[in-house]
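Work through the exercises below with the sequence and the 3D view at hand. Try each task before reading its solution.

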Amino acid sequence: ALSYILGLGAPAHPTPPGPVLSAPSRPFGAVSRPLRYRYLTKHYQHLLALRFAVEEINKDPSLLPNTSLGFHIFNVHFLGTITAESSMALLSGTAETIPNYSCEPERRDRLLAFTFPIPVQGRGLCRSLNRRLLFQFISYGPEDPTLRDKALFPSLYQISEGFSDLPAGMVRLLKHFRWVWVGLVVTGDIRGETFAAVLTEELAKSGIRVAYVDRSSVYLSETRLQLSCNPEQMITSSANVVIIYGDSVSLILLLYCIRDRVLESKVWITTSEWDVTSAVFYLTTVIFQGSLVFSAHGKEIPGFRDHQRSLRPQKYPQDSFLLPFWWFVFECPSPKDDVRFCEENGTLETRPLDHWDMNPSPQSVSVYSAVYAIAQALHQEIRAERDPEASGEGPSRLPRPWQTGSGEEVHLDDPGRATGGFDILNYRVLQNGTKMLVKVGEFTPGASPGQDFTISEEKIAWAGPPGSVCSESCRPGFRKTAREGQAACCYDCVPCPEGEISDRTDVDRCIRCPREEFPNPQRDRCVPKAVVFLSYRDPLGMALASSALCLSLLTVLVLGVFVRHRDTPIVKANNRGLSYALLAALLLCFLSSLTFVGRPGPATCLLRQTAFGAAFSVAVSAVLAETVTVVLAFRATGPGSGARTWLVCPLVQVGICTVWLATSPPFPDADEASEAGVVVVRCNEGSAVAFYCVLGYMGLLALVSFTAAFLARKLPDGFNEAKFITFSMLVFCSVWISFLPAYLSTRGKATVAVEVFSILASGAGLLGCIFGPKVYVILLRPDRNVRGRLLGRGGNP
């Protein structure tokens with residue numbers, strides 16, 4: 001019978017025992033810390049997987065018949081030097097290890113392969129040994145693209161699961177929870193740099209920004225752990241989600257960096273290579289509560305769980321690793337070399353998750369698969385040597401796909417092979433200290449959209465609020481403004497400008513409301529504007545309309561008094577025809593103000609300004625004619641001829657109004673800008689020039705009338721009409737001079753109210769100042785209503 005030897009390098013301790021070194025009192029940076037290590041109990045499963053596979057193969061009569069496999073185990077301590085030394089020890093046996101020499105040729109002839117995880121520091125040594133030694137190297141650690149170069153590593157193969165789809169899965173997770181501001185921690189080697197570059201590119205495509213990239217490096221020797229890291233970024237950054245990519249050494253490094261720091265509010269996203277459940281260095285792992293772990297879809301090794309249950313120190317007395325492992329995993333109080341005080345009949349199934357996991361890890365599955373690949377390749381070579389024609393294929397030293405005992409295919413160095421998918425696990429630490437990993441989702445690359453990613457949020461136990469943004473979302477009513485010199489996801493929120501809204505969160509610009517709508521106080525939606533105008537139902541509109549009706553009624557009463565007493569001297573003295581015309585014009589002025597109240601329409605807009613201008617022009621022309629009549633009366637000139645001449649003046653105003661209506665007539669219009677939140681329905685004057693020409697001509701007539709009356713105020717008359725005309729024109733001019741600034745400074749329906757008030761006030765001034773004294777004499781002092789008294793010859797009463 002033939003026998004062959006396999007080698008396995010597994011890191012059981014982080015470092016070998018050595019002197020304790022003091023650590024400098026620095027919070028972070030390049031530091032050297034004392035090596036107070038703890039046994040990495042879970043790595044012992046790699047050894048169990050190797051032993052279980054070898055035992056299965058040796059019991060299988062169809063695989064390697066009449067051939068036995070054996071193995072040697074080395075604790076490589078994560079050190080490249082010890083990894084290289086272990087590979088040479090396979091050749092040297094118990095003798096001193098001498099490079100390039102085989103002290104036991106018979107051992108060399110029976111040596112098949114050396115399976116181990118390659119540390120970053122050991123690549124150079126492994127490259128040198130791989131080109132000099134004849135046996136195969138199989139790495140079961142994290143996939144490293146630099147190890148695919150067959151010119152440098154001609155007989156080295158990788159069996160680990162590919163993680164090419166991992167960045168896409170992490171991006172899907174971040175997008176699902178709307179985490180757009182994350183931190184990234186990678187190892188400071190080519191593997192970490194490659195992952196950081198790929199992930200950063202994928203994140204940028206999805207609008208996710210990286211707050212910082214922390215590249216951690218570690219130097220591990222037999223006596224010293226020297227590390228370089230900067231946890232301050234992690235602590236002070238507003239990114240509450242931290243993506244970590246590394247292996248067990250990076251876990252040790254990070255634990256050293258952040259111990260005694262408060263980081264419970266962080267959400268950690270990592271892979272199963274970075275085992276957050278490990279109890280190392282006597283440091284609590286409660287800070288990783290709520291972590292989300294991407295783990296390759298779990299594969300079972302048939303019978304391996306029973307093999308773990310049956311493990312006892314008495315079963316494998318030659319295993320030098322088993323006693324210290326048992327001492328650590330069962331936390332025995334006795335010395336490590338005496339297991340009598342431990343649970344001799346204990347089972348690994350009862351141990352907590354931070355000490356042991358009965359589910360085979362991806363690395364253990366890789367070791368198991370590697371052993372079967374080596375065995376089947378050896379089986380194929382032996383058959384080819386014995387019977388080349390019956391074997392069908394020539395000798396093959398790996399790497400074509402082989403099969404395990406359960407039928408699973410084993411692929412070596414196949415970077416194009418698609419990842420089978422990932423389970424998303426949630427790490428929990430219960431109040432009693434129990435730790436567990438709960439499956440909360442899956443990511444399956446290549447599946448149909450909507451089926452490739454699933455997550456059960458209700459199953460996730462968070463350590464703190466899961467939000468992770470550089471800036472909080474801008475709620476509706478606000479917009480984003482970028483912060484100068486910072487990432488696009490860092491911004492300030494400012495309210496939308498006047499007249500604009502935002503009805504969604506995180507908008508870059510607000511939108512302006514339509515003309516018939518305006519923003520609500522929160523500026524998150526547009527609401528219809530209220531339609532306003534000077535209505536009869538408004539208190540102001542009701543008061544002005546009532547005043548207009550009252551003044552109209554008063555004018556009619558005065559006209560009735562004058563008609564009834566038309567033959568009295570006081571009525572006849574100032575040309576009663578002019579008095580009738582003036583009263584009729586004032587009545588039209590008061591009534592024309594009613595066209596300004598109520599919802600404007602085409603007819604009212606055409607009438608209001610033209611009727612008002614024509615009526616007032618007639619009234620002021622009549623006043624001017626009365627003034628001329630008084631002056632001419634004392635010059636023995638026929639009063640009628642002068643009055644008839646001045647009555648031509650209103651025709652000029654009628655001409656101006658006719659041109660206005662023909663060229664640019666007033667029309668109903670909606671004013672959305674004058675008052676916030678309302679639409680003012682008003683009459684657009686059409687031509688502002690024509691409107692001010694009407695007012696200007698009316699002002700000119702009033703000024704001429706005022707001047708004439710002022711000059712005639714001292715004429716010898718017992719009832720001096722010129723004085724009353726002067727005062728009435730003074731009131732009239734004062735009202736309309738005040739009207740202009742008030743009209744131009746008001747907005748909305750207040751503008752209409754100002755004009756109505758000016759019409760009523762000026763008309764009331766004319767009515768009261770000119771006709772008030774006459775009505776007083778007619779009704780209350782008839783004794784003065786005689787010709788002699790009016791001419792000043794009767795004396796005073």
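**Exercise 1.** Which cysteine does a disulfide join to C513? Say where both partners lie and how the link is handed.

Solution. Keep in mind that this is a predicted model.
Step 1. Find the partner. A disulfide joins C513 to C526, with an S to S distance of 1.9 Å.
Step 2. Place the two ends. C513 is in the loop between β21 (511–512) and β22 (517–519). C526 is in strand β23 (residues 526–528). The two cysteines are 13 residues apart, and the pair links distant parts of the chain.
Step 3. Read the torsion. The angle about the S-S bond is -90°, and the link of C513 and C526 is left-handed.
Step 4. Check the burial of C513. Buried means under 20% relative accessible area. C513 has 9%, so C513 is buried.

**Exercise 2.** Which parts of the chain does the disulfide of C605 and C683 tie together?

Solution.
Step 1. Confirm the bond. The sulfur atoms of C605 and C683 are 1.9 Å apart, and the two residues form a disulfide.
Step 2. Locate the ends. C605 lies in helix α16 (residues 602–633) and C683 in strand β26, so the pair ties together parts that are 78 residues apart in sequence.
Step 3. Read the torsion. With -85° about the S-S bond, this link of C605 and C683 is left-handed.
Step 4. Check burial. C605 has 1% relative accessibility and counts as buried. C683 is buried too, with a relative accessible area of 5%.

**Exercise 3.** Is the link of C470 and C490 right-handed or left-handed? Locate both residues.

Solution.
Step 1. Confirm the bond. The disulfide joins C470 to C490, S to S 2.0 Å.
Step 2. Read the torsion. The value about the S-S bond is 110°, and the link of C470 and C490 is right-handed.
Step 3. Locate the ends. C470 lies in the loop between β17 (453–455) and β18 (478–482), and C490 in the loop between β18 and β19 (491–495), so the pair ties together parts that are 20 residues apart in sequence.
Step 4. Check burial. Both C470 and C490 are buried.
Step 5. Set the count. A search of the whole structure finds 5 disulfides.

**Exercise 4.** In what order do the strands of the open sheet with β24, β25 and β26 run? Explain why β24 and β25 each have one side without a neighbour.

Solution.
Step 1. Write the order. The 3 strands run β24-β26-β25, and the pairing is mixed.
Step 2. Look at the edges. β24 (530–532) and β25 (667–671) each have a single partner strand, so one side of each is left without a neighbour in the sheet.
Step 3. Add the twist. From one strand to the next, the twist averages 30°.
Step 4. Take one pairing. β24 pairs with β26 (residues 678–684) in the parallel sense, over 3 bridges. V532 has V680 in β26 as its bridge partner.

**Exercise 5.** Is C550 buried or exposed? Classify C657 and S366 as well.

Solution.
Step 1. Apply the cut-offs. Exposed means over 50% relative accessible area, and buried means under 20%.
Step 2. Classify the cysteines. C550 has 52%, so C550 is exposed. C657 has 5% and counts as buried.
Step 3. Classify the serine. S366 counts as buried at 8% relative accessibility. S366 is placed in helix α11 (residues 362–386).
Step 4. Look across the sequence. S366 and Y140 are 226 residues apart in sequence, yet 5.8 Å apart in space, C-alpha to C-alpha.

Technical notes:
Residues are numbered from 1 along each chain as its sequence is written. This is a predicted model: local features need pLDDT of at least 70, side-chain atom pairs count only at pLDDT 80 or more; totals for chains, interfaces and linings use all residues. Side-chain values use heavy atoms; hydrogens and water are left out. Helices (H or I, at least four residues) and strands (E, at least two) are DSSP runs, numbered from the N terminus. Buried means under 20% relative accessible area, exposed over 50%, partly exposed in between (1.4 Å probe, protein chains only). Two strands pair if DSSP finds at least two bridges between them. Axes are lines fitted to C-alpha atoms, for helices over the stretch in contact, and angles run from 0 to 180 degrees between N-to-C directions. A disulfide is a pair of cysteine sulfur atoms within 2.5 Å.
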